Structure formats: C-alpha cells, structure tokens
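Dear colleague,

Please find below the structure for your records. The findings follow directly after it.

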Amino acid sequence: MFLTDDEKRMLDGGQGKVKQASMEYIVNYAEALGAERLCKVTKAQLFCGNHIYLDAIQEDSVEKLIAIMHFATEEPLEFDNDTACFSQFCSLRMDLHQWQAIGFTSHEARRNQAFLDIYRKAGIHMVGICASYLTGFLPIKGEHYVCTESHAIIYINSLWGGCCNADGIAAAFCSAMCGRTAYWGNHVPKQRKANMLVHVECPVETLYDWDSLGFALGKQCPANTIPALWVKNRETLDTDRLRSAFASMATTGGVELCHILGVTPEANDLAMAFGDRKAAREICITEKDISQVREFLCDAYRGDVDYIHLGCPHYSLEQIAAVARFLHGRKIKESVTLHIWTAPAIKFLADENGFTRIIHEAGGQLLTGSCALVSGKLPAGVRTIAFDAAKQANPQQSHFKGTVLYGSLHKCLNAAVTGKWGV
Ligand code: F3S
C-alpha cells in the first residue's frame with residue numbers, strides 16, 4: 001500500500017508511540033480492506049467513557065483496558081494531546097451531572113470520569129452527543145471524517161456529502177490519533193453511487209412515519225447497500241424526520257449512505273445518484289411495511305405506563321420546544337417517569353429558553369449525553385416502557401421482560417400525562 005513520507009515516519013515511531021500504534025492499526029485495517037492508500041481525516045466523533053462493551057474484559061486498570069480495547073496490547077500508552085484532527089466525544093455512558101436519575105452509583109460515575117479524563121488527555125473534546133451535527137460537527141462535501149454513531153454516519157454522508165465508513169470504535173479512535181483512514185468505500189467518489197432504487201409509495205408525513213419507514217427500509221438493506229429513495233410527498237421532510245429515519249435504518253440494516261432523489265447533494269436525479277451503476281434491486285415501501293414495523297415494535301396493550309423515553313437521536317432544541325409547549329401547564333402522572341435526552345450544549349439552550357423548567361415543573365427530566373440503550377439502564381421497577389424511536393424500542397423487544405410500546409411523540413406525551421396507553 002502506498003504511504004506518504006509523513007505516514008511512514010508515523011509508522012516508524014518518529015512521531016511518538018501513540019501515533020505509531022494508531023498508524024499500525026490503520027495500515028493493517030486498510031490492507032485488510034484492500035485500500036491502495038490512506039486519506040487524511042479532519043474530524044472524529046468517538047465513543048469514549050466506561051461503555052458497556054468494555055465489560056467484555058475484567059480489568060480494573062482504566063489505562064490497561066483502553067490499551068487492550070484500542071490497540072490489542074496490555075501495555076498502556078501515555079497520552080498527551082495526540083489527536084491529529086478535531087475530535088469530540090460521541091454519546092456517553094451517563095449524564096455527567098444527573099447520573100443518579102437513571103440509577104448509576106457514585107463509584108460508576110467516578111470510573112466513567114476516569115475514562116473520560118484519559119481521553120481528554122489524548123486531546124478529545126467533551127461534547128457528549130450522538131447527533132454531533134446539531135452542535136457544529138459539520139464535515140462538508142468531500143471532507144473525510146470518522147464517526148462511531150451509525151445514524152450520524154448516514155446523516156452526514158447523505159445530507160452534506162461528508163465521507164465516512166462505519167469503521168467501529170477502535171479504528172475510529174486510531175484514525176483520530178494518526179489523522180488517517182483507509183481510502184476505501186464511502187471515501188471514494190465512485191463507490192458512493194446508489195445500488196438500490198426504493199419507491200416510497202405510502203404517505204410519510206410525521207416524524208413517527210419517517211422513523212418507521214427507516215426501520216422498514218433497513219430490513220431490506222444488507223451491508224454495502226446504498227439506497228436511492230424516491231419519495232412522493234417529500235415536502236414534509238425536515239432534518240429531524242431524516243435523522244430519525246436514518247437512526248432506525250441503521251438499526252435494521254447495513255446502510256451508511258442513503259440518497260434521497262431531489263434532496264441530497266449527490267442525487268439531484270436518478271442519473272446522478274446511480275452514475276454508471278445499475279440498480280441491483282428495486283423495491284417499494286408500502287403502508288403494509290409501515291404497519292408491520294409498528295405491530296412488531298409495539299406490544300398490543302392498553303393500560304398503565306411506567307416509563308416514557310424520548311430523545312433518540314438526541315433531541316434538537318426544536319423538539320424540546322415542542323415537548324415544553326405540550327407540557328406547559330400540565331402535570332405528568334405521578335406513577336410515570338419521563339426522560340428526555342439531548343446534548344449538554346442543547347440543554348444549556350433549553351435552560352436559557354425556560355424549556356427545562358417547564359419540563360421539570362410538569363414532572364419530567366431533561367437529561368444529557370446518553371440514553372437507555374447506551375447507558376444500559378431503565379429506572380428501577382418499571383414494567384411498561386414507551387418510546388418514540390424504533391432504535392430504542394427494537395432492542396428492548398428482545399431484552400425487556402415487561403411491555404414495550406412504540407408510538408408518536410404526541411401519543412407518548414399523552415401517556416406521560418394520563419399514565420395510560422391506548423385508553
Ligand atoms: Fe443517540 Fe442513544 Fe439513539 S446514543 S442515536 S439516543 S441510541
């Protein structure tokens with residue numbers, strides 16, 4: 001594989017041990033993929049903290065655990081502002097200030113902080129959002145970035161033409177340290193062409209519709225599928241709907257880039273979206289597909305609800321404002337816990353605009369940085385949980401012993417206030 005002089009120097013250890021170990025990882029990764037060269041990475045969104053996947057190894061030392069998980073060695077590396085590009089935290093294991101709200105202990109909070117301190121020492125910035133594009137992480141067309149959040153990969157690849165593959169946690173970390181990734185897959189313009197044509201034949205209007213649509217479409221998309229969507233009523237489309245669709249699409253399929261004809265920059269029309277490629281498949285998404293998603297994700301149930309979880313992907317200020325508008329002057333049923341997840345920076349704006357106070361006065365809580373899925377936590381004792389996002393409802397359908405519900409934001413908020421679902 002071709003390496004520049006600078007890359008060779010990193011590989012030889014001329015720029016320190018962290019860069020050398022990272023470059024070794026990326027060169028091995030690129031060779032395994034069959035890439036002929038590397039490309040420079042300008043931004044990195046990285047999964048940092050004491051996340052659940054680390055439980056795979058019994059190891060008390062935080063430094064050792066990071067060395068094993070990122071570099072497959074038990075020799076801890078000494079970090080010191082090593083990042084080679086702007087790097088920030090993706091979603092976190094817990095809200096850094098309200099960790100008790102979802103049942104973490106002070107010991108767990110301290111251990112999480114110990115991980116974050118090491119990552120900060122390496123030069124990664126505290127942001128704590130999965131929806132990084134909401135707080136300024138905006139690679140432009142042709143810019144190469146790395147990212148550990150599946151929906152943000154689809155969103156930025158598709159909406160702005162930023163270039164990213166779903167490399168995984170360790171590869172993304174090493175890319176951030178050496179500033180390189182494999183020039184392969186979505187980094188190569190001609191590999192970004194669509195290979196499946198999708199006719200969305202049913203009306204998709206609400207965010208709930210787009211969320212269900214993404215889940216239905218993902219099921220038909222094995223790895224390396226790049227769908228081009230033809231949508232009848234795309235005037236209802238907006239950024240919040242799209243990111244919900246991409247989040248649920250990433251849950252069920254292997255999509256990393258999704259063109260929407262007439263909307264996304266690499267798909268003004270069919271010819272532009274497909275280039276020289278032919279559509280390997282052509283499918284239709286109908287109302288039946290959407291209904292099946294809803295039947296699968298929402299148990300047939302009418303009765304009491306214990307827990308409502310909103311904010312997957314992390315809510316935008318606009319979505320929090322809508323929740324505050326609904327809750328203004330209302331009270332959440334005492335038996336119900338309502339959690340709304342967003343980013344620390346967006347919560348600051350929600351605080352400034354009085355939305356946090358309204359939600360709090362109604363009995364709800366605005367939390368930051370994480371979610372039920374990433375924290376692995378639900379409030380103690382809950383038996384009936386409701387989500388407005390397929391990405392959250394889907395794993396709970398197989399893990400949670402009680403009732404799992406999936407519905408629109410309005411239905412979830414009504415349930416929060418009445419304490420009832422479907423009644
Ligand atoms: Fe974000 Fe958690 Fe959903 S990290 S995309 S809110 S699963």
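H199 stands opposite C284, a residue of β9. The strands concerned are β6 (residues 196-200) and β9, which run parallel and are joined by five bridges. I should say at once that this is a predicted model, and what follows should be read accordingly.

Both strands belong to an open sheet of four, ordered β8-β7-β6-β9, in which the pairing is parallel. At its edges are β8 (259-260) and β9 (281-285), each of which pairs on one side only.

A further open sheet has three strands in the order β3-β2-β4, again with parallel pairing. Its edges are formed by β3 (86-89) and β4 (145-147); each has a single partner strand, so one side of each is left without a neighbour in the sheet. On average, neighbouring strands of this sheet are turned by 10° against each other, direction ignored. Within the sheet, β2 (residues 43-46) pairs with β3 in the parallel sense over four bridges, and K43 stands opposite F86 of β3. As general background, the strands of a sheet pair through backbone hydrogen bonds, in either a parallel or an antiparallel manner.

Two points of backbone geometry deserve mention. N81, in the loop between α3 (62-71) and β3, has a phi near 50°, a positive value in a residue other than glycine. The other point concerns C312 and P313, which are joined by a cis peptide bond with omega at about -10°. P313 is placed in the loop between β11 (307-310) and α11 (317-327).

C312 also leads to the ligand: it is one of the residues that come nearest, together with S91, C130, C371 and Q392, out of the 13 residues around the ligand. Two or more residues of this shell are given by each of α14 (372-375) and α15 (390-399). Which domains each supply at least three residues to the shell? They are domain 1 (5-189) and domain 3 (298-421). By residue class, the shell divides into six nonpolar, five polar and two charged residues. As for its location, the ligand sits in the second largest pocket.

To bring the points together for your own inspection: the ligand shell, with S91, C130, C312, C371 and Q392 among its residues, and the cis peptide bond between C312 and P313 share the residue C312.

With kind regards

Methods
Residues numbered from 1 in each chain as written. Predicted model: local features only at pLDDT ≥ 70, side-chain atom pairs only at ≥ 80, totals over all residues. Heavy atoms only, no water. Near = heavy atom within 4 Å. 1 Å grid on protein atoms, 1.4 Å probe; cavity = no way out; pocket = protein on both sides within 12 Å on 5 of 7 lines; lining within 4 Å. Sits in = over half its atoms within 2 Å of the grid points. Nonpolar A, V, L, I, M, F, W, Y, C, P; charged D, E, K, R; others polar. Domains from an automatic or database assignment. Pairing = 2+ DSSP bridges. Axes fitted to C-alpha atoms, helices over the stretch in contact; angles between N-to-C directions.
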